[in-house]
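Visitor: I have a structure to look at and many terms to learn. Could you take me through them?

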Amino acid sequence: MLQSDKKKKIIKKYQVHEGDTGSTEVQIALVSAEMDELIEHLKQHPKDHSSRRGLLRKVGERRRFLRYLKKEN
């Protein structure tokens with residue numbers, strides 16, 4: 001899970017308009033940041049298979065967002 005201050009920074013950086021928290025770009029950025037944290041966790045704990053499964057789920061989620069963004073733009 002992302003800390004709220006880090007999450008706010010990411011939203012501020014990628015938002016399309018003021019108050020935007022759910023656009024595709026913001027969601028991709030948030031999932032990517034969560035993936036980075038999971039990758040760092042797995043470097044320290046290589047046998048944590050439940051976190052590895054969560055990372056694979058995030059990869060699939062980001063892939064779907066990117067596919068949608070490519071289709072819409």
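Guide: We will test each term against its definition.

Guide: This is a predicted model, where local features need pLDDT of at least 70, side-chain atom pairs count only at pLDDT 80 or more, and totals for chains, interfaces and linings use all residues. Residues are numbered from 1 along each chain as its sequence is written, and side-chain values use heavy atoms, with hydrogens and water left out.

Visitor: What makes up the protein chain, in helices and strands?

Guide: Three helices and zero strands. Helices are DSSP runs of H or I with at least four residues, and strands are runs of E with at least two, numbered from the N terminus. Helix 2 covers residues 24-44.

Visitor: Why is Glu34 called buried?

Guide: Buried means under 20% relative accessible area, exposed over 50%, and partly exposed in between (1.4 Å probe, protein chains only). Glu34 has 19% relative accessibility, so Glu34 counts as buried. Across the protein chain, buried residues make up 29% of the 73 residues.

Visitor: Why is Lys58 not called buried as well?

Guide: Lys58 has 21% relative accessibility, so Lys58 counts as partly exposed.

Visitor: How do you know that Lys58 and Glu34 form a salt bridge?

Guide: A salt bridge needs a side-chain nitrogen of Lys or Arg within 4 Å of a carboxyl oxygen of Asp or Glu. For Lys58 and Glu34, the N to O value is 2.6 Å. The pair passes. Lys58 lies in helix 3 (residues 49-72) and Glu34 in helix 2, 24 residues apart.

Visitor: Why can such side chains pair at all?

Guide: Side chains of opposite charge can pair when their charged atoms come close.

Visitor: How many salt bridges does the whole structure hold?

Guide: The search finds three. One of them joins Glu37 and Lys6, with the closest N and O atoms 3.5 Å apart. Glu37 lies in helix 2 and Lys6 in helix 1 (residues 4-14), so the pair ties together parts 31 residues apart in sequence.

Visitor: What makes Lys43 and Glu40 a salt bridge?

Guide: Their closest N and O atoms are 3.5 Å apart, and the cut-off is 4 Å. Both residues lie in helix 2, three residues apart, about one turn of the helix.

Visitor: Is Lys43 buried or exposed?

Guide: Lys43 has 59% relative accessibility, so Lys43 counts as exposed. Its partner Glu40 has 44%, so Glu40 counts as partly exposed.
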